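Q: I am new to this structure and would like a close look at a single part of it, the packing of its side chains in the interior. Could you take me through that part slowly, in one connected account?

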Amino acid sequence: MDYIDYDYYDNYGGTCDDDNFPRMYYRAKAQLDARTYGRLLKDTAVSENVKHCMCELVDLAWKTEQLYGADGGATAVMSASNDGVSETYANASAVDWYERVQPRRAEDIMQMYLANERNEAGVMLLYRGVSR
């Protein structure tokens with residue numbers, strides 16, 4: 001089951017274009033499914049909080065790719081000039097900072113939207129203990 005589609009994401013105000021959305025969506029979905037221990041996989045309906053969480057995670061994945069590039073190198077243009085054709089790319093400290101912050105930011109997004117969410121079986125999505 002898909003948690004969101006591009007139309008929902010676009011209406012939410014997402015920044016990723018429709019060509020790159022599928023790839024960013026599956027990255028975000030993998031991250032969400034791992035953090036929720038797959039508790040949403042059998043559900044037939046998706047709550048608004050899960051949808052909003054996915055939109056934020058897709059945006060985070062997109063911003064990460066813009067900074068690192070598809071090959072993992074720092075390719076984000078930090079500033080540009082038109083007439084003199086000059087560009088400045090992200091420096092190593094910006095990349096290092098984002099590398100440390102990105103995983104925490106993803107966790108913060110999931111905590112914000114899913115802290116009190118349950119799946120259809122009634123199990124808290126972010127619960128890390130044993131469920132029956």
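**Core and ring contacts**

A: In this predicted model, Leu114 touches Leu32, Thr36, Asn49, Val50, Cys53, Leu125 and Leu126, when residues up to four places away in sequence are not counted. Leu114 also belongs to the largest nonpolar core, a group of 27 residues in which Leu32, Val58 and Leu114 have the most contacts inside the core. At least two residues of this core come from each of helix H2, helix H3 (48-68) and helix H4 (92-114), and H3 gives the largest share, with 9 residues.

The aromatic rings add a further part to the picture, since a search of the whole structure finds 5 aromatic pairs. In one of them, the ring centres of Tyr9 and Phe21 lie 5.2 Å apart and the planes meet at 35 degrees, so this pair counts as tilted. The pair joins distant parts of the chain, with Tyr9 in helix H1 (residues 6-12) and Phe21 in helix H2 (residues 21-35), 12 residues apart, and both Tyr9 and Phe21 are buried. Another aromatic pair is formed by Tyr25 and Tyr26, whose centres are 5.0 Å apart and whose planes lie at 85 degrees, an edge-to-face arrangement. Tyr25 has a relative accessible area of 2%, and because a residue under 20% counts as buried, Tyr25 is buried. Taken together, ring pairs link Tyr6, Tyr9, Phe21, Tyr25 and Tyr26 into a cluster.

Technical notes:
Residues numbered from 1 in each chain as written. Predicted model: local features only at pLDDT ≥ 70, side-chain atom pairs only at ≥ 80, totals over all residues. Heavy atoms only, no water. Phe/Tyr/Trp six-rings, centres within 6.5 Å; stacked < 30°, edge-to-face > 60°. Helix = DSSP H or I, 4+ residues; strand = E, 2+ residues; numbered from the N terminus. Buried < 20%, exposed > 50% of the residue type's maximum accessible area, 1.4 Å probe, protein only. Core = buried A, V, L, I, M, F, W, Y, C linked by side-chain atoms within 4.5 Å. Contact = heavy atoms within 4.5 Å.
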